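Please examine the structure shown below. The explanation that follows considers one helix and then one ligand site.

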Amino acid sequence: MNLAVVGLQWGDEGKGKIIDWLSSDSDFIVRFQGGNNAGHTVVINGKKFVFHLIPSGILRKGKVCVIGNGVVIDPEILIEEVTRLRKEGIEITPKNLKISLLSHLIMPYHRNLDALREKRRTNKIGTTKRGIGPCYVDKFSRCGIRVIDLIDPDVFKDKLADNLREKNPLFKDVFGAEPFSFEEILSQYSEFARILRPFAADTVETLRRAQEDKKSILFEGAQGTFLDIDFGTYPFVTSSNTISSAAGAGSGFPFLKIKKVLGVAKAYTTRVGQGPFPTEVEGKYSNFLREKGGEFGATTGRPRRCGWLDLVLLKRAAQLNGVTSLALTKIDVLDELSDIEICTSYKYKSKTAKNFPLSIKEWSSIKPVYRKFKGWNKPTTSIRSYAKLPTRTKDYINIIEDYLKLKVEFISVGSLREAVIKR
Ligand code: GDP
Ligand code: IMO
Ligand code: MG
């Protein structure tokens, strides 16, 4: 069965961990959007693996991991990631890692532009400064450089020269920054080409064959629904579509053949970077969630903003993604709390908001309405069966299920690989 796994909040919902778990039953694991702005964590026997570009399924033997055309690849980071994983004993070969010939490359000027634009903005986005936005901009302006161009020296030289002709004056004259050297980039990227060439493939064909052979394919979402370029809290979003329907365009796999969409939600909410966050809390609870939940960015190390579970947000996310069931993560982080709040609606000018907020103005004028909830005050992290969960924990899960009309299929109770309850 083919399925997509996507984040329902602002990223970092625990997708990596759930994907690692589900990978044991999948044959192919496919990233379809984003780049190394993502940080997906899997913890095995106390050892932590963080994936930025390589699908989280790589830890399982015999699986094929695919980086689809929708992903933007920083070749330096990809090579570093392969080298690091190999050192840790993970086998990575052109047999189990395939990168799309059509993926766009992050270039050094994308990273600089990301940082420089961010510095100049009054309303900062808080990007990861990995060059994600500028790379997608070039893709859509049709001056991007793809993996297929990287491995053809003549084409690469042509495209690089064209880009520098356009971009160097921008760096020098607009930003007062250093221009880029054609020779330096050429020499660095020629080396990347040599290393990455064996992994480059027509991954559309890879996936078509997989489907023909009745293999099961898992599409690994990055970021989260409200970081989606169209449906997120624009402009405080990332530069790709993060919702499940992007899995088709970002991989070339026919979307009608993806039968299941697992939405991953944290038992509370976090966000890194700027932008609206109605249920954000400050002080005691925020510090508690950040410390107990280890809420520091897996990519940039920034402290994550923390707050309560927001069911209004989750409902919209479930609808946008066509979620068929849920994975609820980090329930154990709430174990010691006597009082928990759950947002069940938004108020707008003292009335219940009828419409989902779309503009930043609307986002800043709504107020969350909370349902108070007495915590379970019992440890859940070593529990492995639903029946053994404290009654109040089950009540918490029931509230979510009732509100969303969806089943919570997986409950994650700790960061370790095995800390999952499957119902
Ligand atoms: P992703 O980007 O969605 O893959 O999530 P991240 O890996 O960025 O952040 C999730 C963090 O929570 C990681 O540090 C995980 O190891 C950790 N984690 C995942 N599931 C659980 C859980 O159920 N309980 C606890 N305590 N930690 C978890
Ligand atoms: P995973 O896959 C959380 C956020 C950044 C910033 C905004 C734009 O680990 O869930 P970008 O560099 O993409 O242009 O930054 O998006 N962001 C994430 N936040 N988890 C992520 O990925 C993120 N990827 C980007 O913090 O607010
Ligand atoms: Mg993350």
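A residue is called buried here when its relative accessible area is under 20%, computed with a 1.4 Å probe on the protein chains only. The model under discussion is predicted.

By that criterion, helix α2 contains the buried residues Pro-75, Leu-78, Ile-79, Glu-81, Val-82 and Leu-85. Viewed down the axis of α2, these buried residues fall within an arc of 160°, and they therefore line one face of the helix. Helix α2 itself comprises 13 residues, from 75 to 87. The distance from its first C-alpha to its last is 18 Å, close to the 18 Å expected at 1.5 Å a residue.

The packing partners of this face can be named as well. The buried residues of α2 pack against the strands β4 (47-51), β5 (64-67), β6 (72-73), β7 (97-100) and β8 (104-105), and also against helix α7 (182-196). Just after α2, the backbone at Gly-89 adopts a positive phi of about 90°.

Attention now turns to ligand 2. This ligand is surrounded by 20 residues, of which Lys-15, His-40, Thr-128, Gln-223 and Thr-238 are the closest. Three of these closest residues can be described through their polar atoms. In the side chain of His-40, an N or O atom lies 2.7 Å from an oxygen atom of ligand 2. For Thr-128, the corresponding distance from a side-chain N or O atom to a ligand oxygen is 2.5 Å. Gln-223 contributes a polar backbone atom, 2.8 Å from an oxygen atom of ligand 2. Of the 550 Å² of accessible area that ligand 2 has on its own, the protein covers 97%.

Technical notes
Residues numbered from 1 in each chain as written. Chains lettered and ligands numbered in written order. Predicted model: local features only at pLDDT ≥ 70, side-chain atom pairs only at ≥ 80, totals over all residues. Heavy atoms only, no water. Helix = DSSP H or I, 4+ residues; strand = E, 2+ residues; numbered from the N terminus. Expected span 1.5 Å × (residues − 1). Buried < 20%, exposed > 50% of the residue type's maximum accessible area, 1.4 Å probe, protein only. Arc of directions from axis to C-beta. Contact = heavy atoms within 4.5 Å. Near = heavy atom within 4 Å. Polar contact = N/O pair within 3.5 Å; in protein donor to acceptor, adjacent residues only side chain to side chain. Areas by Shrake-Rupley, 256 points an atom, 1.4 Å probe, with all protein chains shown as cover.
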